[in-house]
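The following questions and answers are intended for a reader new to this structure. Please keep the sequence and the model in view while reading.

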Amino acid sequence: MGGTRRVLVAADKFKGSLTAVQVAERVTAGLRRVAPDVEVEALPVADGGDGTVDAAVAAGFERREVRVSGPLGDEVTAAFALRGDTAVVEMAEASGLQRLPAGVFAPLTASTYGSGELLRAALEAGARTIVFGVGGSATTDGGAGMLSALGARFLDADGEPVPPGGAGLAELARADLSGLDPRLAVVELVLASDVDNPLTGPKGAPAVYGPQKGASAEDVATLDAALAHFAKVLEGVGGAGSGGRTAEYAASPGAGAAGGIGFGAMLLGARFRAGIEVMLDVLGFAPALERASLVITGEGSLDEQTLHGKAPAGVAAAARAAGKDVVAVCGRLALGPEVLERAGIRRAYALTEIEPDVATCIAEAGPILERVAERIGTDCLG
């Protein structure tokens, strides 16, 4: 790899330590310390989860802020990104775990209503294509809150709206999607996620992701039954894009994304795509890749999960297909050299190689990452 002089830094965030933008800044600083004349292009990336709007803004999208409902119903300021008639909406901005008070979980009652308000704001801003990144949610309501914010009605036996959250769907007697925002019928909605779970069952949203949101075993059973009931009531109701295919959507890969909001998005006619693939397209990765001779990707932990649709795996696969060398930076490395090579990553550089104490790596990630980048510069740019 000697002689490489043009570097593309396309890394995701180090969760809890550095944003993707900060990762790019620190890597660039370290590289230039040992190779002052190196050309570095930064393209922070995300896979649809938290940080997706920030990545879009770093790539030239305009940041738009709106007041929406948080997962517990309190008002929060959330952002989406807009360029021309393309919007990037991140459900975690409105309905993510980070919107809950520290140590507080609400697995049965947290709502995606604010995510629907974000989508509506994107429509009002003139978006004709919406990339809807889902992940990091506090919710397991099957997207019912989101759909309500967009004009759907979910009523109990007395004709009253069911309570917010997944558990409230157990009381659902009638669903009415006729009031959905008509603009949804003409917008291209792309569901961007790295999750391929169905809505319910042993691999469904409540069983797999409910415990991360504070759900007990009893809560998981309650939510799974409520979401199954939700899908059953919706069968045949029709919507912007459902055409009576509700059962098919519930079983589809991605329906269980972000507490089942993937299912709700499919009812709106959303097309499911791997989050990192969508974001690489939206961010202009292909032309940036063409200009580079070395690609540096990464995220906080390179582990088995990385290989299943996470940003570094997507970047490495695209770079390998283009014949480019790829190295990775990370806080913690849990993949062997052979696995990395199969993923298209020539070598990974971990913060723990310089500072073995994980707590210190998290607290001082920026300066340590610069030292890691110096090593990459010495190894790859000499």
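**Salt bridges**

Q: Which residue does Glu 188 meet in a salt bridge through its side chain?
A: In this predicted model, the side chain of Glu 188 forms a salt bridge, with N and O 2.7 Å apart. The pair links distant parts of the chain, since Glu 188 belongs to strand S9 and its partner to strand S10 (residues 271–274), 83 residues apart. The partner is Arg 271.

Q: Are Glu 188 and Arg 271 buried, exposed or partly exposed?
A: A residue is buried under 20% relative accessible area and exposed over 50%, with partly exposed in between. Glu 188 has 37% relative accessibility, so it counts as partly exposed. Arg 271, with a relative accessible area of 41%, is likewise partly exposed.

Q: Which residue forms a salt bridge with Arg 26?
A: The closest N and O atoms of this pair are 2.8 Å apart. Arg 26 is in helix H1 (residues 20–34), and the partner is in helix H15, 344 residues apart, so that the pair links distant parts of the chain. Arg 26 is partly exposed at 29% relative accessibility, whereas the partner is buried with a relative accessible area of 11%. That partner is Glu 370.

Q: Which of the residues Asp 281 and Arg 273 counts as exposed?
A: The side chains of Asp 281 and Arg 273 meet in a salt bridge (3.0 Å, N to O). Arg 273 has 22% relative accessibility and counts as partly exposed. At 53% relative accessibility, the residue that counts as exposed is Asp 281.

Q: Which residues are joined into one network by salt bridges that share partners?
A: The search of the whole structure finds 24 salt bridges. Some of them share partners and join residues into one network. Its members are Arg 6, Glu 39, Glu 41 and Arg 291.

**Strands and sheets**

Q: How many of the five residues of strand S6 are buried?
A: Strand S6 covers residues 129–133. On one side Thr 129, Val 131 and Gly 133 are buried, and on the other Ile 130 and Phe 132 are buried, which means that both faces are covered. S6 is therefore largely enclosed by the rest of the structure, and the number of buried residues is five.

Q: Which residue in S9 is the bridge partner of Ile 130?
A: S6 pairs in the parallel sense over five bridges with strand S9 (residues 188–193). S6 also pairs in the parallel sense over five bridges with strand S5 (residues 86–90), where Phe 132 is the bridge partner of Val 89. For Ile 130, the bridge partner in S9 is Leu 189.

Q: What are the edge strands of the open sheet of five strands?
A: The order of this sheet is S2-S1-S11-S12-S13, and the pairing is parallel. An edge strand pairs on one side only. The edge strands are strand S2 (39–42) and strand S13 (347–350).

Q: What angle does the direction of helix H15 make with that of S13?
A: Helix H15 (residues 365–380) packs on the sheet and touches strand S11 (294–302), strand S12 (325–333) and S13. Its direction makes an angle with that of S13 of about 150°.

**The nonpolar interior**

Q: Which helix gives the most to the largest nonpolar core?
A: The largest nonpolar core has 54 residues. Ile 130, Phe 132, Leu 147, Phe 154, Phe 230 and Phe 263 have the most contacts inside it. With seven residues, the helix that gives the most to this core is H9 (residues 257–267).

Q: Which phenylalanine residues are in contact with Phe 230, leaving aside its neighbours within four places in sequence?
A: The contacts of Phe 230 include Asp 141, Gly 142, Ala 144, Leu 147, Leu 169 and Leu 172. The phenylalanine residues in contact with Phe 230 are Phe 154 and Phe 263.

Q: What is the relative accessible area of Leu 199?
A: Leu 199 lies in the loop between S9 and helix H6 (205–209). Not counting residues up to four places away in sequence, Leu 199 touches residues including Gly 142, Pro 206, Leu 227, Ala 250 and Phe 263. Leu 199 is buried, and its relative accessible area is 0%.

How values were computed:
Residues are numbered from 1 along each chain as its sequence is written. This is a predicted model: local features need pLDDT of at least 70, side-chain atom pairs count only at pLDDT 80 or more; totals for chains, interfaces and linings use all residues. Side-chain values use heavy atoms; hydrogens and water are left out. Buried means under 20% relative accessible area, exposed over 50%, partly exposed in between (1.4 Å probe, protein chains only). Helices (H or I, at least four residues) and strands (E, at least two) are DSSP runs, numbered from the N terminus. Two strands pair if DSSP finds at least two bridges between them. Contact means heavy atoms within 4.5 Å. Axes are lines fitted to C-alpha atoms, for helices over the stretch in contact, and angles run from 0 to 180 degrees between N-to-C directions. A nonpolar core is a set of buried Ala, Val, Leu, Ile, Met, Phe, Trp, Tyr and Cys residues joined through side-chain atoms within 4.5 Å. A salt bridge is a side-chain nitrogen of Lys or Arg within 4 Å of a carboxyl oxygen of Asp or Glu.
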